[in-house]
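Trainee: I would like a close look at one part of this protein, strand by strand, please. After that, please show me some places elsewhere in the chain that I should view in the same careful way.

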Amino acid sequence: MILDNDCAGGEGDGEYGDEPVLDLATALSVAVRVEPELIRAVRLALFPRFGVETEAELWFSGLVRSQGAEEIVFETEVRRRLHRRLGGWLRRQPPDAPVHSLWRVVERVHRDLSPALFLEERVTWLAVAGRPAEIDNALAPVFKAIAHENRDGLKQWLASAWNRLPQDVRDSPTGWQLAQAARPWFAAGRFPSRTERAPLPARRLGDLTRLLDDVRITVRRDGDELELDGRAVDTVGPTEVPPGTYALSVPDTAPRLLTLLSGGLRDRDEELSVPADWQVRVSVGAGPVRLRTARGHVFLVPERALPLGGGGLGGRFLGISVTRYDDGLLPPLDTEPDLCREVGGALGADYVREYLADPSAASVIDRLRRLRMPRGGPLVLYFRGYAAEGPAHPMLVLRDSDPARPETCLDSETVFRLVTTSGAEQVIVVMDTVRTPGGDRTWGYPPQPMELGATTWTGQVAAAMPYEVGGEGPFGRWLARLLRRGPDEVPQGWGWLPRNRYITGGDLMRAVAADWPGESPSTPRNFAAGVPRDLLPNPRYALRRFPDDLRPSDFGEVYAQEAAAFLREVISEPTTSADDRDRAVSNMMLLGPNRGVEAAAALDELAGRYAASKNLADAVAANESAVALLRPLAERLPDTALPALATSLYGLASLLAEAYRWVEARPPAEESVALRRRLADRDPEQRPRLAESLHLWSLVLQSSGESRAALHAALETVDLLRGLTRVDPVAHRSALAVGLGSLVDRYGAVERPVEALRAAGEAVDLRRVQAASDPRARAALAQSLHVRWHWERVLQRWESAHQAIAESVAIHRELAAQRPDAAHPQLAEVLHCLAVNNADRDRVTTALVVGREAVGIYSNLVAHGAVDLRQALARGLRNLSLWLGAVGQSGEAVSNASQAVGIYRELEAEQSGLLRAELADALEVLSHALDLLGDGRPRALDAAREAVGIYRRLAEARPEAYWRNLAKSLNVLSIRLDTVGRGQEAARLREEVRDIVFGRGSGP
């Protein structure tokens, strides 16, 4: 089902649009779970002119995410779109319009719902109705119960309901506080941690702070700006706080809340919201800054120091490789391929690479001194060569160095000091060194002095291999492989996950410590200080371009599952670029053929999201892409791809059908039926899906003018559902009842009322069986009896019709006694039908008694605010007028007809153009009553003339629909003219009537 616009149509009785299913779904979107009883109540209350088939079509529509035996649930994104559509109705209509009574209908039917679900529906209504000020009051008792009574059940409900709630509820102050309190109960990845701004200041957290632990975040001066990083600092690791960077303890909210206190250039306090997974920057000037947390703690950040560099990737790799030495005692360290270039190449396009091959000590020092990174970014220095023990730190041996003379070598501390003054925001130094032959085998790399300066994070990974094993470069080879493929084991919480584009220096160091296969004393040593940020491209990022020699399926099944979940999110997200989506689909296929089926499912989900935002072209394109992806897979993987292909075809056909593109909808709908027929022949579990496709196929055929073929499809649907119901009545009985309702419509379309009546009778029998075991089904039984009455009446089987409608009335009287508020409108409806039935049987006096009871109920409900029942009241008054005239009570007939005309005028003023035909009909009835009165004949003429004027306008717009009404109305006006002696004018009208009738090819 496509939502073609936000606020199409009008409100009230449902005659304001050409999409009954969409209009009914819009009204029902307030409810979390939609039962047949609620569907019926809302349809009769707001849309009484919609037939019962509308309920069936809604039940099987694409708007529905899941169907149970007793209820349906809308797809979350579709429901949000429906909320916006309903909100448009409510904003545009006056306060007394029928749509404003919707909540009373839902409240009556759902008054026995669980308190939590009822509250969810209540706040949903408040949000949709544009009453955000009342949301906090509605949620306040829940927050109080959580804060003071620690009600875990409420927390669990909130976490499960969060994504269903409208944005106004989630953005409300109390809603935000409830989410923070219930955070542990949110499923992984579902907590709204990316909220950018909290709806209330830090000082107003109050009771919430008692429920939360503290986390440490960092604050850094960057010139005249303050950078606040909301990511929690690991308090266990060897993190040091460098100059200009400070750690603050704040309550663990998302976002983090702080108050920037007034002072210096600031004349007032400023509330800050810091995302829990990123940074914000605030201009604070040069002076000291005071920050206050939600617990009232105040921290002082000193005045600015020297400006610091920028952040992000766009880094530099400096590789220093020494393989040849002037000292003849040092054997060459040749390796193939060149390890320095292997490591640098593994960093990809995020790094500019520079290599120094066999340099002298002086040239290395000169290059490091001139190394500048004015735009910040990360710096990776990799050294491959010999190292010797030094007086304080190991000495790096360059081409012209003499290991016996330390002054000719390069102190590793000097290297570290030089690179940290380059302006890089993050620095990591990798020492891939080999101990000189015959040297001491016990020395190692100690921690370097971590004076960060402008650098926010520094790290050192240092290996000192014995010559016997280090000459072949095992560490460099392993490091290059690590940077190209990632670690063999990725513990939970590490950054090498498929959804992370980058890893931090900390992630690299943990991998080195845990994944290095060598043994002591060759184990590398890691040292770091500062807060690590994105440093290196993650080779396991699922959206990357994988090289030809590496497939993501090589990473194992656990990775494949996580990568597939991430790629599915990328594919199904409408904001994803076309290139990224194409790459996501390609990489999903690299995970394995079965993942192609998942990619197609994601494309189907994308189509649904596009459809919900009225982007039909992209929605259809997404479904077509899914179909194209699945066709070749269906040949290789029929067990999984064929059902998915049938589902995608069904979704494509549904989209086209909802857009009334019946010609285009036909091929995919027909193929979906054919595929699901094959699947059902092999697997009986596929039969419900076949029934679903047949139901859509019947609709496509009917809408294409092929009523008989549509009937055959509906018959097959019902036959299939009959068989399923015999095997499992509980699971399929409701679907069969709905299918029978559609079958009744199809029989009606081909003018086969006998068969329509037979199907309606079967539906009655089915509902009777349901009602015998479940009293809640008695309302559905009453409705089925109502439908049966209609077709008995069409066939003029007056006594059988009477029995059906009389039983329906009896059931509704029983329901009214049990639940007066909920059942009264339905009772009035069937009472009116019973009155009509009595009039059909020439029992006009009895019809008057029953009709007066129906009108009395309608009048009472309207008087108490049920404005949505005004049209039903007007219809009852109109019929009462006819019956009163038939028994000679002309005065009362005029009174009732006048009331009906008055109501229709009121409704027409509210819903211009939607009830003109009903108003014209009521005017004709008033004209008849006034004519019977005798002295009211001049007024009768005026009413008849006004009716003709309305029908003329309707016939001009839709001649095929209204020419008969116009001819009849002209004939009535001619009679009224004859009565007052204006025969010539009456004769001209009768001539016009003959022209209309014979012009249409009909008899006189």
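Mentor: Let's begin with a term: two strands pair if DSSP finds at least two bridges between them. Please keep in mind that this is a predicted model. With that rule in hand, look at strand S6 (residues 256-260) and S7, which pair in the antiparallel sense over 5 bridges. One contact point to find on screen is Leu260, whose bridge partner in S7 is Glu270. In general, strands of a sheet pair through backbone hydrogen bonds, either parallel or antiparallel.

Now step back to the sheet that holds this pair. It is an open sheet of 4 strands, in the order S7-S6-S9-S10, with antiparallel pairing. Strand S7 (270-274) and strand S10 (298-301) stand at the edges; each has a single partner strand, so one side of each is left without a neighbour in the sheet. From one strand to the next, the twist averages 30°.

Just before S6, look at the chain leading in. Pro255 sits in the loop between strand S5 (245-251) and S6. The peptide bond from Ala254 to Pro255 is cis, with omega near 0°.

For a contrast in strand direction, move along to strand S11 (residues 315-321) and strand S12 (residues 351-357), which pair in the parallel sense over 7 bridges. Here Ile320 has Leu356 as its bridge partner in S12. Together with helix H12 (residues 339-345), S11 and S12 make a right-handed β-α-β unit.

Backbone details deserve a visit too, and two loops are good stops. Asn150 is in the loop between helix H7 (135-149) and helix H8 (152-161), and its phi is near 50°, a positive value in a residue other than glycine. Asn150 has a relative accessible area of 45%, so it counts as partly exposed. Lys614 belongs to the loop between helix H20 (593-612) and helix H21 (616-636); phi of Lys614 is near 70°, again positive in a residue other than glycine. Lys614 is partly exposed as well, at 38% relative accessible area.

Next, some side chains. Pro668 is in helix H23 (residues 662-682). Because its relative accessibility is 8%, Pro668 counts as buried. Leaving aside residues up to four places away in sequence, Pro668 touches Leu649, Leu652, Ala653 and Leu656. The C-alpha atoms of Pro668 and Val627 are separated by 9.6 Å, although the two are 41 residues apart along the chain.

Aromatic rings offer another view: a search of the whole structure finds 12 aromatic pairs. One of them joins Phe555 and Tyr559 edge-to-face, at 4.8 Å centre to centre and 85° between the planes. Phe555 is buried at 11% relative accessibility, and Tyr559 is buried at 5%. Trp103, Phe118 and Trp125 form one aromatic cluster.

Finally, the cysteines: the whole-structure search finds 0 disulfides. For Cys340, the nearest cysteine sulfur is that of Cys409, 19 Å away. Cys340 is buried at 1% relative accessibility, and Cys833 is buried at 5%.

Methods:
Residues are numbered from 1 along each chain as its sequence is written. This is a predicted model: local features need pLDDT of at least 70, side-chain atom pairs count only at pLDDT 80 or more; totals for chains, interfaces and linings use all residues. Side-chain values use heavy atoms; hydrogens and water are left out. A crossover is right-handed if, with the strands pointing away from the viewer, the path from the first strand over the helix to the second runs clockwise. Axes are lines fitted to C-alpha atoms, for helices over the stretch in contact, and angles run from 0 to 180 degrees between N-to-C directions. Buried means under 20% relative accessible area, exposed over 50%, partly exposed in between (1.4 Å probe, protein chains only). Contact means heavy atoms within 4.5 Å. A disulfide is a pair of cysteine sulfur atoms within 2.5 Å. Rings of Phe, Tyr and Trp (its six-membered ring) pair if their centres lie within 6.5 Å; planes under 30 degrees apart count as stacked, over 60 as edge-to-face and the rest as tilted.
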